[in-house]
Amino acid sequence: MDTYRFRVPKPNYLPHKRLDASEKDDIVEEYNIPLGKASELENAKFAAKCERYALEAGVTRPKGYNVSFHCNPDMEKHHFGQTHPMKPWRLTLSKSLIYSYGMSFAMDNYISRAATYEELASFHATDYLDFLGTVLPEPVPFDVENPNPDLKFNLGGSDCPLFEGLYDYCSMSAGGALDAARKLCTKQSDIAIAWGGGLHHAKKSEASGFCYINDIVIAILQLLRCYPRVLYIDIDVHHGDGVEEAFFSTDRVMTVSFHKYDPQNFFPGTGALDDNGPQSEHNPGSHHAINVPLNDGITDEQYDWLFNSVIGKCIEKFRPSAIALQCGADSLAGDRLGRFNLQVQGHGACVDFCKRVGIPLILFGGGGYTPRNVARAWTYETSIAIDHQDKLNHMIPTHTPWRDHFRHETLFPTLEQILGEPRQNRNTQKKLQDIVQHVTEQLRFVQAAPSVPLQVIPPDLGGVRDDVEQRIKEETEEKRDELRRAREAAIGQAMEY
């Protein structure tokens with residue numbers, strides 16, 4: 001068990017310090033300007049432009065399957081702190097670009113409600129939730145003055161600050177992911193997208209790595225009520241430690257994480273190649289945690305080969321009933337924290353591979369600390385979900401809000417445009433082949449399509465308060481006429497001439 005001994009958490013970045021105007025870095029300065037709020041007239045004009053673009057670009061609903069898009073605009077308004085890398089505004093930028101391409105007309109669009117306390121408690125400890133919901137905001141992290149503060153539940157430091165509206169932010173993130181999972185369970189969707197989710201570091205009773213609530217675990221628990229086996233895949237640059245730990249002792253979830261691994265210098269310091277679940281062969285979770293540790297500078301071509309090889313073998317042996325894919329965009333070149341040479345196309349190729357498997361798929365967001373890159377990646381991956389990627393115009397639409405924030409007009413900037421000079425690639429082909437060989441060896445011990453006895457079904461997550469659902473129903477009825485008119489317009493529907 002030496003592999004799983006306690007490790008002192010490593011912060012994702014240096015603790016906060018107050019910056020003079022001359023010291024402010026570009027990212028802080030660029031995204032510290034209040035955005036304001038568009039008027040109803042401006043929103044109507046933007047919607048008309050998106051509708052016109054969708055018609056001209058031939059954006060239609062995919063044939064043979066449904067895609068749903070889940071978001072909560074109120075989540076985007078939160079702020080972690082001036083110098084914190086996590087910018088919820090990236091969700092605004094991503095959604096705006098997706099809408100500008102007219103993709104919303106090819107999907108079922110849902111404004112997800114916040115998750116209830118009972119739903120959060122399906123995974124998280126109640127004492128942790130109680131503290132999270134009542135603790136007061138702290139504008140300055142505790143570790144600014146004291147490098148080794150005593151943090152309750154790891155809350156209040158530089159990584160996981162106590163900002164205004166923290167509990168609301170967490171419940172909205174979980175609500176979107178849970179809504180997406182339920183749409184797969186009810187067969188209303190075949191691919192469900194929740195870019196506001198993907199916070200994979202949070203533990204049962206502890207915040208970690210910018211993550212407070214593990215929406216992925218909550219969503220997978222919901223999927224397990226309807227699907228015997230779920231394959232969780234993580235392409236964030238950081239190890240998906242929270243999800244791996246949550247399903248450590250079950251054979252109904254296989255976790256596969258592709259990440260940078262440098263235990264002494266890179267968060268969270270876990271996810272070595274030989275970390276494959278419990279050591280005891282009698283534990284059902286043994287060999288069901290697959291880790292793919294990578295070095296700096298991996299390229300699109302290497303990543304594509306490695307992903308296809310590893311995931312192809314996992315699917316062949318585990319035979320999942322559904323896939324949960326965490327699409328953390330900090331694995332892209334030019335990310336504030338990441339160190340890979342991946343481009344938008346290489347990142348999106350992972351989504352395309354999972355989609356072609358042809359089983360229910362949920363797409364989560366995750367990391368990503370250069371908002372313009374995050375928006376590009378998640379827009380391209382949304383186009384893959386609706387089968388529009390081959391028709392996608394590489395030039396960002398001229399009516400896209402905050403278009404100047406993208407710096408380059410193309411959806412697919414080159415490595416030279418992003419980095420100037422690509423990072424040195426420290427991943428040899430032999431290293432990648434050794435990884436595939438090790439994974440193949442681990443999968444030999446996995447029981448093909450493990451059986452699912454009835455008593456393994458997780459607790460019912462249907463503890464949704466009646467008053468919450470009634471309020472949502474009333475709000476939906478108020479918009480019924482608006483939704484009816486949108487359907488009658490038939491935007492996004494393939495038409496015969």
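In the predicted model described here, D241 touches H200, H201, K203, P268 and T270, residues up to four places away in sequence not being counted; contact denotes heavy atoms within 4.5 Å. Residues are numbered from 1 along each chain as its sequence is written, and side-chain values use heavy atoms, with hydrogens and water left out. Because the model is predicted, local features need pLDDT of at least 70 and side-chain atom pairs count only at pLDDT 80 or more, whereas totals for chains, interfaces and linings use all residues.

D241 is placed in helix α8 (residues 241-246). Helices (H or I, at least four residues) and strands (E, at least two) are DSSP runs, numbered from the N terminus. With a relative accessibility of 10%, D241 counts as buried; the classes are buried (under 20% relative accessible area), exposed (over 50%) and partly exposed (in between), evaluated with a 1.4 Å probe on protein chains only.

One of the contacts of D241, H201, is the position to which UniProt, in an unreviewed entry, assigns the feature "active site". UniProt positions follow the numbering used here, feature names are shortened, and annotations may be inferred rather than shown by experiment. H201 is located in the loop between β3 (191-194) and α7 (215-223), and its relative accessible area of 2% makes it buried. Beyond its neighbours within four places in sequence, H201 is in contact with S208, G209, C211, N214, H238, H239, D241, G242, F267 and P268. P268 thus appears in the contact lists of both H201 and D241.

At the level of the whole chain, 15 helices and eight strands are assigned. Of the 497 residues, 55% count as buried. Among contacts with a sequence separation of 6 or more, 81% are accounted for by residues 24 or more positions apart. A further pair separated in sequence is E56 and G102, which are 46 residues apart along the chain and 9.6 Å apart in space, C-alpha to C-alpha. E56 belongs to helix α2 and is exposed, with a relative accessible area of 64%.

Side chains of opposite charge can pair when their charged atoms come close. A search of the whole structure finds 13 salt bridges, each defined as a side-chain nitrogen of Lys or Arg within 4 Å of a carboxyl oxygen of Asp or Glu. One of them joins the side chains of D108 and R61, with an N to O distance of 2.6 Å. D108 lies in strand β2 (residues 108-111) and R61 in the loop between α2 (40-57) and β1 (67-71), so this pair ties together parts that are 47 residues apart in sequence. R61 is partly exposed, its relative accessible area being 22%.

R113, E119 and R182 are linked in a network of salt bridges. Within this network, the side chains of R113 and E119 meet at 2.8 Å, N to O, and both R113 and E119 are buried. The relative accessibility of E119 is 2%. The salt bridge between R182 and E119 has its closest N and O atoms 3.1 Å apart. Since R182 lies in helix α6 (residues 166-185) and E119 in helix α4 (residues 117-120), the pair ties together parts that are 63 residues apart in sequence.

Helix α9 (residues 300-318) has 19 residues and reaches 26 Å from its first C-alpha to its last, close to the expected 27 Å at 1.5 Å a residue; the expected span is 1.5 Å times one less than the number of residues. The buried residues of α9 are D300, Q302, Y303, L306, F307, S309, V310, I311, C314, I315 and F318. Their cover includes β4 (230-234), β5 (253-260), β6 (289-294), β7 (322-326), α10 (344-357) and α13 (429-443). α9 is followed by R319, whose phi is positive, near 50°.

Internal space was examined on a 1 Å grid over the protein atoms alone, a cavity being a set of points where a 1.4 Å probe fits but cannot get out. Grid points are joined across faces, edges and corners, and a volume is the space filled by probe spheres set on the points. By this rule there are four cavities of 30 Å³ or more. The largest cavity holds about 170 Å³ of space. Its lining comprises 19 residues, of which H70, C71, N72, W195 and G196 lie nearest its centre; lining residues have an atom within 4 Å of a point. The elements giving two or more residues to this lining are β1, α3 (89-100) and α6. α6 gives the most, with four residues.

Note on methods
1 Å grid on protein atoms, 1.4 Å probe; cavity = no way out; pocket = protein on both sides within 12 Å on 5 of 7 lines; lining within 4 Å.
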